[in-house]
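User: I would like to learn how to read a protein model, one feature at a time. Can we work through an example?

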Amino acid sequence: MTDRTIPTARLGADGPEVGVQGLGCMGMSFAYGPADAGESRATLERALELGVTLYDTADAYGAGENERFLSPFFKAHRDEVVIATKFALAVPPDDPTRRIIRNDPPYIRQAVEASLKRLDVDVIDLYYMHRRDVNVPIEETVGVMAELVREGKVKHLGLSEVTGAELRAAQGVHPIAAVQSEWSLFSRDIETGVVPTARDLGVTLVPYSPLGRGFLTGSFANADKDLTADDFRRQQPRFTGENAASNVALLEPIRTVAEAHGVSLGQVALAWVQQQAKVHALPVIPIPGTRKASRVEENVAAVTIELTAEELTLLEPIAGKVAGDRYADMTFTSAGRE
Ligand SMILES: NC(=O)c1ccc[n+]([C@@H]2O[C@H](COP(=O)([O-])OP(=O)(O)OC[C@H]3O[C@@H](n4cnc5c(N)ncnc54)[C@H](OP(=O)(O)O)[C@@H]3O)[C@@H](O)[C@H]2O)c1
């Protein structure tokens, strides 16, 4: 069944129009426990049928495995999909279990060639710097990214977890189409610096983890007890121990709103993120991640939900009460440098 009904929004000033909700593909190969490849493929196809056109991956997701996994889907639908991938999380030669941040020009050139090869495409539609290496001036990093655009390897540029000041400096070198940062009912630190700067510069916001990595759907309550040993969420302070116990209580107002609309908690969380486009007057294209076709249907259906002013007020205090940071090491994030 084809049912392309979702509205679209533009990536930056001159980027492509994409469905106003994208799909995060990370969990299909990495971070959130075992995935079923057949189910993931069905999820990708269903998303496309529903009008989702922005697909998000990174070279770091499963050390290239996610890009390789997505390649056949992208090739089968090359003219219908917008492929977003990222560089910067490198494996140090002495320890394959660790990741270091690299933004230097030789590394970027090596990374883009490796991504193009794994994806098996001629050009990447949206190429993000995944994390900021503060030892390399951002102008230098974006300078080499701009060369990739001129060389036809990449169409548009994006940055992930940059501060407002870093975004402004980058935009001075080359137009930035999108900033991808964590933004949800639980994570609102970007609203002080990054969001107003993106609005001023005409940059689209692509919120990642809009479902709070699943916590906002109520699908797990404590990472230590509910998730497998290798699940990344066990390393995130807000999902474990006493923090998790107190954060579960914060879902109550979301439940109240969900009941009023006859929808799920996750749909309220997505509707809230989507509605930030109006609140902050900029394009917002969240990329919820799922490996299940039924969940993609549920998530896409949230684009039509409108929350009332009273409901937004009820949800407003949640983020300020969350116990525990979103990462164990916040220097990895824009908030850690803002
Ligand atoms: N730039 C960055 O640094 C960065 C960091 C993290 C993520 N990302 C990108 O952003 C994407 C989304 O973020 P995320 O995956 O971390 O978090 P998310 O979208 O907030 O949540 C994903 C989790 O929620 C579950 N889920 C999805 N829909 C659901 C539903 N309707 N009901 C119940 N559970 C549901 C998923 O499980 P199932 O898969 O089992 O459905 C998964 O465990 C990623 O895939 C990745 O592409 C980027």
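User: Which residue in β9 does L126 stand opposite?

Analyst: Keep in mind that this is a predicted model. L126 stands opposite H156 in β9. That pairing belongs to a set of five bridges that join strand β8 (residues 124-129) to β9, and the two strands run parallel.

User: How does the chain get from β8 to β9, and what comes between them?

Analyst: Look for a helix that links two strands, then for the hand of the path. Here β8, helix α4 (residues 138-150) and β9 form a β-α-β unit, and the unit is right-handed. From β9 the chain passes through helix α5 (residues 164-171) to β10, again in a right-handed β-α-β crossover.

User: How many bridges hold β9 and β10 together, and in which sense do they pair?

Analyst: Strand β10 (residues 178-182) pairs with β9 in the parallel sense over three bridges. One residue to look for is S160, whose bridge partner in β10 is Q180. Strand β9 (residues 154-160) is mostly covered, with six of its seven residues buried.

User: In what order do the strands of the sheet lie?

Analyst: Read across the sheet, not along the chain. The order is β3-β4-β5-β8-β9-β10-β11, an open sheet of seven strands with parallel pairing. Its edge strands, β3 (23-24) and β11 (204-208), each pair on one side only. Elsewhere in the sheet, strand β4 (residues 54-56) is joined to strand β5 (residues 82-87) by three bridges, and these two run parallel. L54 has V82 in β5 as its bridge partner.

User: Why look for a nonpolar core?

Analyst: In soluble globular proteins, nonpolar side chains tend to be buried together. In this model the largest nonpolar core has 92 residues, and those touching the most other members are Y55, L126, Y127, L167, V179, I254 and A269. Helix α10 (residues 265-280) gives the most to this core, with seven residues.

User: What is Y55 in contact with, leaving aside its neighbours within four places in sequence?

Analyst: A contact list shows which parts of the chain meet at a residue. For Y55 the list is G22, L23, C25, L70, V81, V82, I83 and A84.

User: Why is V300 called buried?

Analyst: Burial is judged by a count of C-beta atoms within 10 Å, and a residue is buried if the count is 20 or more. V300 is buried because 25 other C-beta atoms lie within 10 Å. This residue is in helix α11. Leaving aside neighbours within four places in sequence, V300 is in contact with I6, Q21, L50 and V52.

User: Where do A88 and S209 lie, and what is the sign of phi in each?

Analyst: Check phi in the loops, and note any positive value outside glycine. A88 lies in the loop between β5 and β6 (89-90), with phi near 130°. S209 lies in the loop between β11 and α7 (223-226), with phi near 50°. Both values are positive, in residues other than glycine. A88 is buried, with 25 other C-beta atoms within 10 Å, and S209 is buried, with 24.

User: How many residues surround the ligand, and which are the closest?

Analyst: Start with the list of residues, then sort it by class. The ligand is surrounded by 29 residues, the closest being G24, Y208, L211, G214 and G289. By class, the shell has 14 polar, eight nonpolar and seven charged residues. Helix α11 (residues 293-301) supplies the largest share of the shell, three residues.

Technical notes
Residues numbered from 1 in each chain as written. Predicted model: local features only at pLDDT ≥ 70, side-chain atom pairs only at ≥ 80, totals over all residues. Core = buried A, V, L, I, M, F, W, Y, C linked by C-beta atoms within 7 Å. Buried ≥ 20, exposed ≤ 12 C-beta atoms within 10 Å, placed from the backbone. Helix = DSSP H or I, 4+ residues; strand = E, 2+ residues; numbered from the N terminus. Contact = placed C-beta atoms within 7 Å. Near = placed C-beta within 6 Å. Nonpolar A, V, L, I, M, F, W, Y, C, P; charged D, E, K, R; others polar. Pairing = 2+ DSSP bridges. Right-handed = clockwise from strand over helix to strand, strands pointing away.
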